[in-house]
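Trainee: Could we go through this model together? I would like to begin with the backbone and then turn to a helix.
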Amino acid sequence: MIASVAVVGHQNNPLYLQSFTNANDALKLHHIVHCSLDVIDERVNNPKRSVSTLNESYLGLLYPTESYKVYGYLSNTKAKFLVVTTDLDVKDADIRSFFRRFHAAYVDAVSNPFHVPEKKIVSRTFAQRVSGIVKAFAAGTNG
Amino acid sequence: MANYLAQFQAIKNTSDRLVVAVEDVSDLWPSVKEGLEKRLPLKKASLNNKTRNPVYVENLQAEFILTTDSRLRSRFPQEQYLFWFREPYATIVLVSCEDLDEFKTILKPRLKLIVQNEEREWFIVFVSKAHPNNDQATKNAKKVYARLEVDFNTRKRERCCKLDLNGVDASFWEDFDFKIVESIRNTLDRRAQFYEEEIRKMSEQRLMPVWNFCNFFILKESLAFMFEMAHLHEDSLREYDELELCYIETVSTPGKQRDFGGLEHGDDQAALLKPGFKPLSQIVQDDSFREFEFRQYLFARQVKLLFRLGRPLEVVMRGYSFIISFSKTLALHENTLPFCLREVWVISACLAIISSTSSTYDGLAAPDNEKEFYRLHGDLYSLCRIKFMRLAYLIGYGVEIEKSPVNSASLSMLPWPKPSIWPAVPEDASAKVLAKEKLILQANPRMKHFNIQRKQLPLEPSSLLREANRRRASLSVGNLSELIDYRQIDGSGIDGHQKFSPSTTNSMSRTYSGPNLESSLSLDRPMRISEVHVAAEHALENTVTDPDLLKSLSSLEEFEQKYMELTKGAADNYHHSWWKRHGVALDGEIAALCFKHGNYDLAAKSYEKVCALYAGEGWQDLLAEVLPNLAECQKILNDQAGYLSSCVRLLSLEDGLFLAKERQAFQLEVVRLAHSEMKHPVPLDVSSLITFSGNPGPPLQLCDGDPGTLPVTVWSGFPDDITLESLSLTLTNTLNTDEGVKTIKSSDAHILKPGRNVIKLDVPPQKPGSYVLGVLTGQIGNLRFRSHNFSKGGPQDNDDFMSYEKPTRPVLKVLKPRTLVDISAAVSSALLMNELQWLGLIVKPIDYSLKGSLLSIDTGPGLMIDESHTIDINEYAKTMEDKVHAHDSNTITENNTHPLEPKQLYIENGKIALPDWASDTSTTLWFPVHAIDDRMARAASADSPHRQNMVDGMRTIALKLEFGAFRNQIFERTIAVHFTDPFYVTTRVANKCNDGTLLLQATIHSQVKATLCLYDAWLDLQAGFVHVRKENGRPVSSFFPLVISPSSTAGILFSICIDNMAIADQNEVVQAESILNVMYGISGDRSNGAHSPTSLKLGSSDKLFFKVAIALQRPILDPCIAVGFVPFSSNCLRVGQLINMKWRVERLKDLEASPSSSCKDEVLYEVDANPEIWMIAGRTMGHALLSNARGSRTEITVTCMPLVSGHVRPPQLGLPAMDDANISCNPPGPHLVCVLPPTLSSSYCIPA
């Protein structure tokens, strides 16, 4: 199950964060997403360590713990997309396609002329679209 | 073969180095032992690794063992084959012989026997005991050695070397080392090949029923062990890696149900660094090993090799991933394992890896690796910390664990342990249950500062109470409904114990009141949370064997100590790595514990770090969680500045993060502190809370020197109104940065409403330029605040944390100095001299209001204002006329918008206050002035009309206009006004009649732009002239009134004659000049120029009187000297041509009676020429010789050059010493000569 999705700006500021857990515990997901930026920073700043992923937006599994996993995706404009999932067994291809759709939704949202770059995304359409992508992902992995 | 496991283990334990066998044929060992063993370990050995590539091994350990030694003798051939790795890798045959025959007969066959075993690698050391001085013995030894070489060396390989006991040759040892290494290498290669072959064969049987992992393991580990003995650790490690892979494949093969292990005492402590923790024979199971022990064994072997290879980083890397993966494996077998063994095992494994690697890490690795190393240590500490917290939560310390995002993220997604049955409450545990209950009840859920109420984050994946009871209930189905009821009563949701109300406790204690009922605690009654904790604690005590861990869980203090240690370990290591955020987040946990223990200073420091991180990257949700804690620390520490700053930061967080009530509490704190008696006024940056901007629209424009009022929009982020004692803003000139900033202040106190406020600030006069807003400063009580943040016309935006961009839009423009008003004379033509005239001034404001302006007038000499009259003011007629022409007639009515406005002004103290209606329009002011000129006008000769000098009629008037809002603007100008006589007069004698009557013509030239009307004119003649027929001097014919249009002329003719009588009356007072008296009237408009002054004086006659002096000259009646102008030799004069001007002077009479003349035969002359026309060369004045005798004559010549062409008056010769009446001139009057233009000169023309 996807617990949370997030978009983080190029200065590591949160642009969009949506949790999909029932409990009122979004704050812990904020923390997880924020800490995952450490891993992205490390990979971006240490190209030696991540030669294979250098030319690719998809950063792969950032953060394996016993209880959840964080996957990352980095756009050319240094916008970071993160997914926190409690599914410990997810196919890489599923996550990749998820990120591609998520990225496309983001691009559409920030293309809105009324959106201020590097400001939080408040578009309801974007939120609905992301929820749709998350649901589709859940359906895809379960089915 | 598995039966050999025990033996194999024993062999591995005993043999740790390569064995070199020594075949001591001649009992030489005691004498050479010392020398040989000194060579060990072998300094440098070139061996081949598994891929047959040479590897240099340093300090290769080996051991010499005599073949007669029991260790080598007692082995069975089968064992030798199986454990080949422990067999000698080289055989040294020690021989000594001094007799060749003996060698041939005895020694050689024996040696042949020894070396016949092909599988052995051997070489012979011939020991010579011969003393160097004993030549015979030496010679014999050489002979025997030579024979030995012949017999045993082959072409491919030399197998002999010679050791002289009395004087060892250095080259021998090199030879010896080489041979021994060569033997070891060959043996190693052969054995490796053998093992590989065997392993390959066995691998082929992997999928067959005969496959036995133990056999495979013995072979594989034998090879690995052999490599390890040969210091080929890399190869050894690879063998273990392959072994591990193979094992995992084996255990994961479905089918066989295998025991997992982990049930023995002490299994809770990870054996990751202890390969010999359990003998392999104990963990063998059928054809394989128990996974729990065996995987740890393999990992321990790998770690040992990695340490030998000096790779602590790899140990940590492999260690962390091993722990994670093994923890998952443990989770799969959790229902068979002791309660929480998985957690306990992870804790001990992490701590073991940390302690082993941190002691071996030398810190000399590359920076990247170092950071990675610390990161992994941080991960290990963090993992250990999570598991430790989980254990602590289970036994009831959860109430004391900070419910922070960090802990919640770690714990709430981590599933509970899943034992097959949740542990039951032990017997006689009622005291413990009560103690736990007490702990839960006494736990004071810390109220957040400012009464912030937040739902606490969960630390449990699901309710522990429910989970525990569910796992118990699974034993006896039937109490499910009760369980649900219980849960409802207990109110245990996610955070059950938090809502454990006292009333519930009471009701519970009724049903569960004493230890005597404890035994009745059956499975069908759900446990209470305190019982769950007691049960878990009891079970853990059985699981944990590590006394340190037991101690750490024994009490809350011990728990917190360990918790602190682990948190600090994780944070410190993360700080050394790339993962700063992890480190800082954990700093927050350290701070929470410090706070709990009253160590507020440390807590504040750590919280500050956390807040700085979250604020810096804009994670406001997380910041809102930590910032109140920091504020509380600062409040306790009495750090007023910090506390205020925190309150302001809290206020400036996004709206949704706090309730309105909470935000009001923050503001109350700020206001309370601001008005409390602070020792020092505290400066505070409120950029995020109070923002400001100029008003939308164009900037305020001010003229240079004008003050103004600048409206500024201030956005207040305070939830309530806030009173500011003062408020000021700085303005920065964008064009000229040298000037620094100007501060403008708001004059009065303000109350800022939440949201938008418009505040007006007084702007004193500023230098020209464009100004932007700088910094807003103000005061709330003793609090001096500053705000740098420029809002963009909307509510302050909290996402704007990165850009403190300065506003670029100017709010104020002070224009460059320009003309704001213009005052000019309304009329350019001349006014009448000596008469009262209206002087018009046009006051023209240029896009600037003249409201309240004051005009000072200072007249120059010869001009005075007639203060008895009022001053007229009206709109500037000319503009009106223009408008009439340009637009339709409607405009006219518009222009008459001030018909009732006062049009008469008075002058007070030389100043005139302009009326308000005239502040924006051009007006004309009419002053009554009087120019005075005492001189009488003179008529000129018609031949040489001499006009009145313009300067004579010029008068000045100095004006000073004070205007602007504060009369701060001053306009000064001096205006020249031209006054003139109404006309000037030229005269000429029109005709000379035979009867002596002269017709004198007086021509009157109008000088004004007005119509003159002559009513009367008469001539008062001077002595020597009389009117013909003694008339009254009126003109010949009377045709008055005579009207003269502007700029035209009129003539009047008088007939006069020369009065011969008058000459005699020398003594009478004679009138030297004739006076022409003119009575005239003028009709003109003051807006055009000269006009009638009669309109000023009511009732006075409108006739004006004007006098002109006319000089009349009597004819020359008695000439003494005649002066004649000699005509030029050439007809034409040219400009620039020198000519001689000649006059002939002739004495007509004897000059006898002239006593004044000192030199009578001379005459004084003077040449008068217009310097603009003539240039005189030489003297213009001098004496010419002229005798006194009548008829004497002389000629005066002056050289001169004409400067202009045309008909010009030539120079005239005057004789100053003579009376004009005695000089007869020819020609008699002024005459003209013609001067031609200069001839064209081509000298400067440049040919093409």
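Mentor: A definition comes first: helices and strands are DSSP runs, numbered from the N terminus, with at least four residues for a helix (H or I) and at least two for a strand (E). Please keep in mind that this is a predicted model.

Trainee: Understood. Is the peptide bond from B:Leu40 to B:Pro41 cis or trans?
Mentor: That bond is cis, and its omega is near -10°.

Trainee: Where does B:Pro41 lie?
Mentor: B:Pro41 belongs to the loop between α2 (29–37) and β2 (42–48) of chain B.

Trainee: Next topic: what is the phi of A:Glu118?
Mentor: Phi is near 65° there, a positive value in a residue other than glycine. A:Glu118 sits in the loop between α2 (92–110) and α3 (124–142) of chain A.

Trainee: Why does A:Glu118 count as partly exposed?
Mentor: Its relative accessible area is 23%, and partly exposed covers the range between the 20% and 50% cut-offs.

Trainee: And what about phi at B:Asn834?
Mentor: B:Asn834 is not a glycine either, and its phi is positive, near 65°. The residue is placed in the loop between β23 (831–832) and β24 (836–845) of chain B. With 32% relative accessibility, B:Asn834 is partly exposed.

Trainee: Now the helix. How far apart are the end C-alpha atoms of α20 in chain B?
Mentor: They are 21 Å apart, which agrees with the 21 Å expected for the 15 residues of helix α20 (residues 529–543) at 1.5 Å a residue.

Trainee: How many residues of α20(B) are buried?
Mentor: Twelve of its 15 residues are buried, so the helix is mostly covered. Among them are B:Ile529, B:Val532, B:Ala536 and B:Leu540.

Conventions. Residues numbered from 1 in each chain as written. Chains lettered and ligands numbered in written order. Predicted model: local features only at pLDDT ≥ 70, side-chain atom pairs only at ≥ 80, totals over all residues. Heavy atoms only, no water. Expected span 1.5 Å × (residues − 1). Buried < 20%, exposed > 50% of the residue type's maximum accessible area, 1.4 Å probe, protein only.
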